[in-house]
Every structure is written in structure tokens, then in C-alpha cells.
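Q: Got a minute to go through this structure with me? I'd like quick answers on side chains and burial.

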Amino acid sequence: MTLTQLRYIVAIADAGLNITLAADNVHATQSGISKQLKQLEGELGFQVFTRRGKSLDTITPAGGQVLERARSILHEARNIRALAANLREEAHGELSVATTHTQARFVLPEAIARLKQHYPDLGVHIRPQGEGRIISLFESGEVDLVIVSTSGQAPEGGIAVPLFRWYRRAVVPLGHPLAKLNRPLRVEDLAEHPLVSYESSLQPESSLRRAFAAAGFTPRIACTSADADLIKTYVLAGLGVGILAEMAISPADSRELVTLDIDNLLPVCTSWMVLRRDHVLRSYVAQLARLVAPQLDEAELRRVVAGHAEPRWPSPPLWGELQARATRRATPRAA
């Protein structure tokens with residue numbers, strides 16, 4: 001019995017018993033996987049999968065028990081490799097991150113650049129996704145970690161580490177009627193205009209829809225996008241009032257857009273890094289978490305992820321506070 005054989009049967013199970021897809025997922029040949037499966041079943045003395053013709057049909061009861069233990073063995077094998085890499089202080093590896101377009105575009109670039117200074121041989125793969133797809137990529141094992149935002153409870157599927165909190169802003173073209181109000185915006189003001197926002201605004205449970213419903217209104221969503229830059233583009237094209245994350249607004253936007261405060265209308269959001277449970281945390285992952293959220297303690301993060309401590313995360317700062325601290329660090333003091 002080999003780790004390769006165990007990896008193949010898990011790949012087959014995760015591919016819905018499709019050997020061709022399993023072979024693609026583990027970069028093997030279909031014949032190679034079939035041969036290793038036959039050898040393993042010969043050693044075990046029973047079938048892991050039942051057959052229907054030349055295709056696999058179901059997982060046998062005994063095979064289910066084998067798969068459960070195979071996953072545990074492969075998990076610990078990965079932990080051993082990660083532990084060894086940390087002890088050798090390896091500066092290379094591959095890190096795959098799924099996150100929203102907003103986080104990928106406006107939050108991660110500086111952190112990734114600083115991470116690469118410490119780990120120049122590290123390959124980083126950013127996979128911007130719509131919110132509905134992010135956690136599924138993590139659960140399927142296609143990415144190492146995810147960074148996702150919620151306006152309520154922490155995301156499920158792993159260990160959710162709070163990074164920072166942020167508000168949404170409304171953006172309108174110069175000269176727009178909402179830009180001329182000399183008072184704070186109300187929900188009824190936004191309800192008078194079509195909105196351009198994130199794809200999540202289409203969900204019945206979205207915080208935007210809940211906020212409108214609480215005030216007795218229904219938002220008119222004219223256009224949605226996962227990309228904040230596209231939201232601003234369509235606002236300038238006249239499709240409606242943009243609702244987007246505060247970190248997606250840059251000083252250069254003020255040449256064409258007016259940013260309006262709506263902190264009192266929509267709940268604050270929290271950005272989370274979701275990590276796998278009971279894992280040996282690679283050093284570069286721990287450092288990335290600290291680069292995005294300096295309030296985190298790296299040693300505590302390692303203990304929680306390894307399952308040696310219960311999480312007691314510090315309160316995540318507001319995005320504006322993090323930016324102010326970064327500006328103070330970057331500003332040279334007068335002599």
C-alpha cells in the first residue's frame with residue numbers, strides 16, 4: 001500500500017467516481033490510476049468501488065471506511081511535509097488563494113509584494129471569484145486558503161480568522177442629485193435610484209436587501225458585477241448609484257465620482273481568512289495573515305490551526321484605521 005494509491009482512490013471519490021476526471025485532477029493517466037486501484041484492491045482483498053460494466057458505480061461499505069482513513073493519512077502526510085519545510089526554513093512553495101475581486105485588487109497586492117520579498121521563490125496564485133464560489137473551492141481542496149467577507153456570522157468550512165472590518169460607500173457621477181444633498185443619506189434616497197452593486201446584492205438574504213426591507217423599500221438593482229472597477233465604470237455610464245466597498249475607492253476616483261457616506265445605512269462587513277483545521281501552518285501563510293492583519297499573533301495563529309488552542313482573536317480594526325497606521329509608518333518624521 002502506498003500514499004499514491006491512497007491519493008488516487010480519494011481523487012476518484014472526489015471526482016464522483018469518474019476516473020478520467022480523477023486522473024486530470026491528480027495529473028496522472030487513466031490507465032495508471034486504474035492499475036493502482038486494482039493493485040490496492042488486490043492487497044486489501046475486497047473492492048473499494050463496485051463496477052457497472054467498465055465504469056465505477058458506487059463506493060462499497062468497506063471502501064467507505066478505507067476512504068475515511070485514507071483521507072486522514074494523506075492529511076497527516078501533508079502536515080509532516082509542511083512541518084519539515086518549516087523546520088528547514090524553506091523559502092519556496094505554492095500558495096493558492098481564492099478571494100473576491102475587491103480583495104484581490106485593493107487589499108492583497110501590497111501584502112503579496114511584501115511576502116514575496118521574504119519568500120522570493122514562493123509561487124502565489126490568486127483566484128478572484130464570485131462570493132458563492134469561494135468557499136466551494138476551499139472545501140474541494142482546490143485552494144489553500146480563502147479571504148471572504150460577511151456582514152454577519154463567520155464563514156463556515158474551516159477556521160475563520162477575522163482580518164479587518166469595512167464599510168460600504170455610495171458613488172455617483174459629479175453633479176448627481178444625491179451629491180447635492182446637504183444632509184446624511186437615507187434609505188429612501190437610495191430607493192429613488194437604480195443601483196449598481198456586487199453580485200451578492202441579488203441574493204434574498206443580502207444585507208443590502210435586508211436594510212431596504214427594514215425601511216419598507218425594495219432596492220432596484222440595475223446592474224451587478226463581481227469587480228468594483230466595473231461597478232464604477234457602469235456608474236459613470238449612467239446606470240445608477242454604485243454601492244461598493246470603501247477600499248475599492250481611490251483618490252483618483254474623485255476626478256469623476258463623488259463618494260457618499262452610508263455607514264449608518266448598511267451594517268459593517270468583516271473580511272476573514274479561512275484556513276484548514278488541524279494543519280501545520282506554513283510559515284508564509286502565517287506571515288501573509290500578519291501582513292494583512294497586523295493585530296494577529298503568529299504563534300497563537302499556529303496553535304489554533306494545529307488544534308492546540310481555542311481561537312481568541314483580537315477585535316479586527318476598521319480598514320480606515322489600518323490605512324491610517326500604514327500612512328503614519330510610511331511618513332518620515334521631521335528632524
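Q: Let's start with Asp-229. Buried, exposed or partly exposed?
A: Asp-229 is partly exposed, at 27% relative accessible area. Buried means under 20%, exposed over 50%, and partly exposed in between, with a 1.4 Å probe and protein chains only.

Q: What kind of model is this, and how are things numbered and filtered?
A: This is a predicted model: local features need pLDDT of at least 70, side-chain atom pairs count only at pLDDT 80 or more, and totals for chains, interfaces and linings use all residues. Residues are numbered from 1 along each chain as its sequence is written, and side-chain values use heavy atoms, leaving out hydrogens and water.

Q: Back to Asp-229. Which side chain does it meet in a salt bridge?
A: That of Lys-232, at 3.5 Å from N to O. A salt bridge here is a side-chain nitrogen of Lys or Arg within 4 Å of a carboxyl oxygen of Asp or Glu.

Q: Where do the two lie?
A: Both are in helix α9, 3 residues apart, about one turn of the helix. Helices are DSSP runs of H or I with at least four residues, strands are E runs of at least two, and both are numbered from the N terminus.

Q: And Lys-232, buried or exposed?
A: Lys-232 counts as buried, at 6% relative accessibility.

Q: How many salt bridges in the whole structure?
A: A search finds 12. One of them joins Glu-188 and Arg-186, with the closest N and O atoms 3.2 Å apart. Glu-188 is partly exposed at 31%, and Arg-186 is partly exposed at 39%.

Q: What about Glu-300, which residue does it pair with?
A: Arg-303, with the closest N and O atoms 2.5 Å apart. They are separated by about one helical turn because they sit 3 residues apart in helix α11, residues 298–305. Glu-300 counts as buried at 19%, while Arg-303 is partly exposed at 38%.

Q: Which residues are joined into one network by shared partners?
A: Arg-105, Asp-229, Lys-232 and Asp-253, through salt bridges.

Q: New topic. Which residues of helix α6 are buried?
A: In α6, residues 131–139, the buried ones are Ile-134, Ile-135, Leu-137 and Phe-138.

Q: Why do they count as being on the same side?
A: Because they cover an arc of only 155 degrees around the axis of α6. That arc is taken over the directions from the helix axis to the C-beta atoms.

Q: What's on the other side of α6?
A: Gly-132 and Glu-139, which are exposed. Just after α6, Gly-141 takes a positive phi of about 85 degrees.

Q: Loops next. Where is His-193?
A: In the loop between α7 (187–191) and β8 (195–198). His-193 is buried, with 16% relative accessible area.

Q: Which residues is it in contact with, leaving aside neighbours within four places in sequence?
A: His-176, Leu-178, Arg-220 and Val-241. Contact means heavy atoms within 4.5 Å.

Q: And Leu-281, where does that lie?
A: In the loop between β12 (269–275) and α10 (283–292). Leu-281 counts as buried, at 8% relative accessibility. Leu-281 and Val-304 are 23 residues apart in sequence and 9.8 Å apart in space, C-alpha to C-alpha.
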